[in-house]
Amino acid sequence: MRRHFSDWFRGPLLIIWVGSLWVVGYLVVPQLFALLPDRVLAGQVAGGLLRQTAWIGLVLAPLVLFLLWPVVAGCGWRRRLPLLVSVALIAAGHAVALALLQPEMAAMKVAVAPLDVMQSPLREQFIRWHGIASGIYLLQSLLALLVVLRYGTAARAQP
């Protein structure tokens, strides 16, 4: 049984991509706010980590799609389309975070400096943007989990 080169990279890249989403968003960031006494510092560190996670996702999304494509190659569009749409939506979420959400929230913080944005007149607007960002992140995380469950396991079962 001869393995294709994509078989060697598919799993590790999925782990890095999806793992970074889940570990940073749901383990590291909450711990920053729980452990650091300065919420502004916790927010700065969290923002940097989320920015890095988005860049990792933008780089790895096309690679993961390329490496998973052989797994669904003989399955027709009924199985290919959900993979394509899921990866595209996750990557789009990364792009929106980098190009719109993170810069907008950073601009609000700068606009009220040296105050904490949560103690400023922009508090409600910041909470709204943060809620949108959190909702998109949750959708990305769930879609990424779906990709792993549906296509990651199929990739391992393939001869």
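## Exercises on a four-helix chain

Arg-10 has its place in helix α1 (residues 5-35), where helices (H or I, at least four residues) and strands (E, at least two) are DSSP runs numbered from the N terminus. The model is a predicted one, in which local features need pLDDT of at least 70 and side-chain atom pairs count only at pLDDT 80 or more, while totals for chains, interfaces and linings use all residues. Residues are numbered from 1 along each chain as its sequence is written, and side-chain values use heavy atoms, with hydrogens and water left out.

**Exercise 1.** Determine whether Arg-10 is buried or exposed, and find which backbone oxygen lies 3.1 Å from a polar atom of its side chain.

*Solution.* Begin with the cut-offs: buried means under 20% relative accessible area, exposed over 50%, and partly exposed in between (1.4 Å probe, protein chains only). The relative accessible area of Arg-10 is 6%, so Arg-10 is buried. Next, look at its side chain, where a polar atom lies 3.1 Å from the backbone oxygen of Leu-67.

**Exercise 2.** Check the span of helix α2 (residues 39-68) against the expected value, then describe its N-terminal end and its bend.

*Solution.* The expected span of a helix is 1.5 Å times one less than its number of residues. For the 30 residues of α2 this gives 44 Å, and the end C-alpha atoms are 40 Å apart, which agrees. At the N-terminal end, Asp-38 acts as a cap, with a side-chain oxygen 3.0 Å from the backbone nitrogen of Val-40. Further along, α2 bends by about 35° at Leu-60, and a proline, Pro-62, follows within four residues; the bend is the angle between axes fitted to the seven residues ending at a residue and the seven starting there.

**Exercise 3.** Repeat the span and bend analysis for helix α3 (residues 77-112).

*Solution.* With 36 residues, α3 reaches 50 Å from its first C-alpha to its last, close to the 52 Å expected at 1.5 Å a residue. The helix α3 bends by about 45° at Ala-97.

**Exercise 4.** Find how many salt bridges the model holds, and which residues form a salt bridge.

*Solution.* A salt bridge is a side-chain nitrogen of Lys or Arg within 4 Å of a carboxyl oxygen of Asp or Glu, and by this rule the count is one. Arg-123 and Glu-124 form a salt bridge, their closest N and O atoms being 3.2 Å apart. Because its relative accessibility is 35%, Arg-123 counts as partly exposed.

Notes:
Polar contact = N/O pair within 3.5 Å; in protein donor to acceptor, adjacent residues only side chain to side chain.
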